[in-house]
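Subject: Structure handover and notes on its pockets

Hello,

Please find the structure below. My notes on its pockets follow.

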Amino acid sequence: MMKLFYTPNSPYARVARVAALELDLADQIEMKKVTVREPNSELLNYNPTGKVPTLETDEKFILSETRIICAYLNRFNDDIKLFANIFDASSLQLEGMVGGFLDGIAVWVREIRRTLDEQSPSVIELEQLRALRCLEHFEKLSDRLDQQSKFSHIMLGCTLGIMEARLTQFQWRQKHLRLANWYDEFSSRSSMQATIPET
């Protein structure tokens, strides 16, 4: 049985967990909750980078990085195509934009976890401005966002989810009503409900 190592509040790990559930692979993967940034973390016995998600395959290969893991898992369910066709520029654009959005939100969340005297106001401002630009972009696209279990949609749902869980002071919904409606519908999926970040 494969092992997927995760932390409950990592949006990157959540993307992999949601993808595994959407691909109907729950009975083929053991979900292993671990700690990170600790010298005695169980994860370090498998992945020297100490990053989640990490996947141990049935053949004992160790895969890291969310997209690589999800692409590998997709081979076990050919009925669902998680990733954009390389000839579909619109879908590739969406996947790239959402990936950048997720990276920026992750930086912002990590920054505010620091003590106040260690936080960088300029980094926080930069990431807030990036987030606002991305939200406006996705708001314009919201009428074309469907509810299929595509990688970009999963990433977008998980990014908005970690914003709501960790950036509670960032009131994004009021000016992005269509995107908020899309997120509410997407987050009602059983895969999203089963992977809600811890508070």
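Which helices each supply at least two residues of the lining of the second largest pocket? They are α3 and α5. Please keep in mind that this is a predicted model.

Second largest pocket

The space in this pocket comes to about 330 Å³. Its lining is made up of 19 residues, and Ser90, Ser91, Leu94, Ser152 and His153 are the ones that lie nearest the centre. α3 gives the most to this lining, namely five residues. By residue type, the lining of the second largest pocket divides into seven nonpolar, seven polar and five charged residues.

Largest pocket

For the largest pocket the volume is about 820 Å³. Four elements give two or more residues to its lining: α1 (11-22), α2 (66-74), α3 (89-112) and α5 (151-166). α3 again deserves a look here, as the largest share of the lining, eight residues, comes from this helix. In total, 29 residues line the largest pocket. Nearest its centre lie Ser10, Pro11, Tyr12, Val52 and Arg110. The lining of the largest pocket consists of 13 nonpolar residues, eight polar ones and eight charged ones.

To sum up, α3 is the main contributor in both cases: α3 gives the largest share of the lining of the largest pocket, and α3 also gives the most to the lining of the second largest pocket. α5 supplies at least two residues to the second largest pocket and two or more to the largest pocket.

Regards

Technical notes: Residues numbered from 1 in each chain as written. Predicted model: local features only at pLDDT ≥ 70, side-chain atom pairs only at ≥ 80, totals over all residues. Heavy atoms only, no water. 1 Å grid on protein atoms, 1.4 Å probe; cavity = no way out; pocket = protein on both sides within 12 Å on 5 of 7 lines; lining within 4 Å. Points joined across faces, edges and corners; volume = space filled by probe spheres on them. Nonpolar A, V, L, I, M, F, W, Y, C, P; charged D, E, K, R; others polar.
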